[in-house]
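Reader: Hello! Could you show me how to read a few features of a protein model?
Author: Gladly; let us look at it together.

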Amino acid sequence: MMLIDLLIKARRTIQGRIINKEGSIINVLRDDGKLKRFRINVPEVLDALRADYRVEIVSTNLANIPSRITVIE
């Protein structure tokens, strides 16, 4: 299922603010007020993210795996 999800070009895009980091998990407060958790497995990306950063996250449709994280300032 994950392979199919990665090959299909359907993606979800959310915008929000990083509330905090807990190990390899970031908690993002979406613009609609809901809290979303994302696991970040790339240490360089995780180190670059800070609390209170406004981000746009593009993730796969089925497995919700982040494929792109952009810091919006």
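Reader: Is Ile19 buried, partly exposed or exposed, and why?
Author: A word first: this is a predicted model. Buried means under 20% relative accessible area and exposed means over 50%, with partly exposed in between. Ile19 has a relative accessible area of 41%, so Ile19 is partly exposed. You will find Ile19 in strand β1, residues 11-22.

Reader: Which residues make a nonpolar surface patch with Ile19?
Author: Leu29 and Leu35 join Ile19 there, and the patch covers about 260 Å². Leu29 sits in strand β2, residues 25-30. At 35% relative accessibility, Leu29 counts as partly exposed.

Reader: What is Leu29 in contact with, leaving aside its neighbours within four places in sequence?
Author: Here we look for partners farther along the chain. Leu29 is in contact with Gly16, Arg17, Ile19, Lys34 and Leu35. Pro43, 14 residues from Leu29 in sequence, is 22 Å from Leu29 in space, C-alpha to C-alpha.

Reader: Now the strands: in which sense do β1 and β4 pair?
Author: To read a pairing, look at the sense and then at the bridges. β1 and β4 are antiparallel, with 7 bridges; one bridge joins Arg11 to Thr60 in β4. β4 also pairs with strand β5, residues 66-72, in the antiparallel sense over 6 bridges. In that pair, Val58 stands opposite Arg68 of β5.

Reader: How many residues of β4 are buried?
Author: Strand β4, residues 54-60, is mostly covered, with 6 of its 7 residues buried.

Reader: And what lies between the strands in the hairpin of β4 and β5?
Author: There are 5 residues between them, and in this hairpin Asn64 takes a positive phi near 60 degrees.

Notes. Residues numbered from 1 in each chain as written. Predicted model: local features only at pLDDT ≥ 70, side-chain atom pairs only at ≥ 80, totals over all residues. Heavy atoms only, no water. Helix = DSSP H or I, 4+ residues; strand = E, 2+ residues; numbered from the N terminus. Buried < 20%, exposed > 50% of the residue type's maximum accessible area, 1.4 Å probe, protein only. Contact = heavy atoms within 4.5 Å. Patch = residues over 30% accessible without salt bridge, like charges linked within 9 Å, V, L, I, M, F, W, Y side chains within 5 Å. Areas by Shrake-Rupley, 256 points an atom, 1.4 Å probe, with all protein chains shown as cover. Salt bridge = Lys/Arg side-chain N within 4 Å of Asp/Glu carboxyl O. Pairing = 2+ DSSP bridges.
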